[in-house]
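Colleague: Hi, have you got a minute to go through this model with me? I'd like to start with one of the helices.

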Amino acid sequence: MARKQTNPREDAAPAAPPSNGKIRLATVWMGGCSGCHMSFLDLDEKLLDLFAQADLVYSPIADLKEFPENVDVTLVEGAIANVDHVKLAKEIRERSKIVVSFGDCAVTGNVTSLRNRLQVDDLLTKVYHEGPGSVPHGDDDDIMPALLPRVIPLHQLIKVDAFIPGCPPDTDRIWTAVSALLAGQPVEFEPEMRLFG
Ligand code: SF4
């Protein structure tokens, strides 16, 4: 039988059960396509088991504006691609006991980092000022958060405690990780669950 592999951050401090008996769980959408969150929602009836043990205190599916204090576990989808991501990632690290890179974009940069071969100015010109539906340069150019020169995976900006590979991670993989974290255990994956893509 294949030996169970341990996540590179198996020494991560497990989430301590809060006083109300529920884990304070957050999910965050950085530079990704939301496919990891769609896979999270595919947990279907397991979501009932999850939310019997956890309160969702921040998530794109809950439309909360401020990342809260005292979060036990935060799943981060997507790579770090702009200045808003940098600010939010640092807040997450300060306010979360356990931070998890959720999906290949957070773990490696993946699809989001494909633009790294281009200069930011060339990229923006190509996409917004030369392509179909293009708009002229103008006062609205700074309405979007400034892009970083290069997209980076989450762990290159902040300490990450566990990694869930996959594009997107399938529900078995997500449940394996989430149920371990809820139980205060390190995240461990069978070898076949440690693949990218
Ligand atoms: S890992 Fe895949 S599914 Fe998840 S955000 Fe990136 S491209 Fe989308």
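Colleague: Which exposed residues does the face of H3 turned away from its buried side carry?

Modeller: That face carries Val-83, Lys-87, Lys-90 and Glu-94. Exposed means that 12 or fewer other C-beta atoms lie within 10 Å of the residue's own, buried means 20 or more, and partly exposed is in between, with C-beta atoms placed from the backbone. Before we go on, this is a predicted model: local features need pLDDT of at least 70, side-chain atom pairs count only at pLDDT 80 or more, and totals for chains, interfaces and linings use all residues. Residues are numbered from 1 along each chain as its sequence is written.

Colleague: And which residues in H3 are buried?

Modeller: His-85, Ala-89 and Ile-92. Seen down the axis of H3, the buried residues fall within an arc of 60°, so they line one face of the helix. The arc is that of the directions from the helix axis to the C-beta atoms.

Colleague: What do the buried residues of H3 pack against?

Modeller: Four strands: S2 (23-29), S4 (71-77), S5 (80-82) and S6 (96-102). A contact here is two C-beta atoms, placed from the backbone, within 7 Å. Helices (H or I, at least four residues) and strands (E, at least two) are DSSP runs, numbered from the N terminus. The protein has six helices and nine strands.

Colleague: Changing topic, is Val-57 buried or exposed?

Modeller: Val-57 is buried, because 21 other C-beta atoms lie within 10 Å. Val-57 sits in strand S3 (residues 54-58). Leaving aside neighbours within four places in sequence, its contacts are Arg-24, Leu-25, Ala-26, Pro-68 and Val-71.

Colleague: How far apart are the C-alpha atoms of Val-57 and Leu-25?

Modeller: They are separated by 5.9 Å, with the two residues 32 apart along the chain.

Colleague: Now the largest nonpolar core: which residues touch the most other members?

Modeller: Of its 39 residues, those are Val-76, Ala-79, Ile-80, Val-100, Ala-106 and Ala-177. Helix H6 (residues 171-182) gives the most to this core, with five residues. Such a core is a set of buried Ala, Val, Leu, Ile, Met, Phe, Trp, Tyr and Cys residues joined through C-beta atoms within 7 Å.

Colleague: Last one: which residues come nearest the ligand?

Modeller: Of the 13 around the ligand, Gly-32, Gly-35, Gly-103, Cys-105 and Cys-167 come nearest. A residue counts as near if its C-beta atom, placed from the backbone, lies within 6 Å. Helix H1 (35-41) and helix H4 (104-108) are the elements giving two or more residues to this shell.
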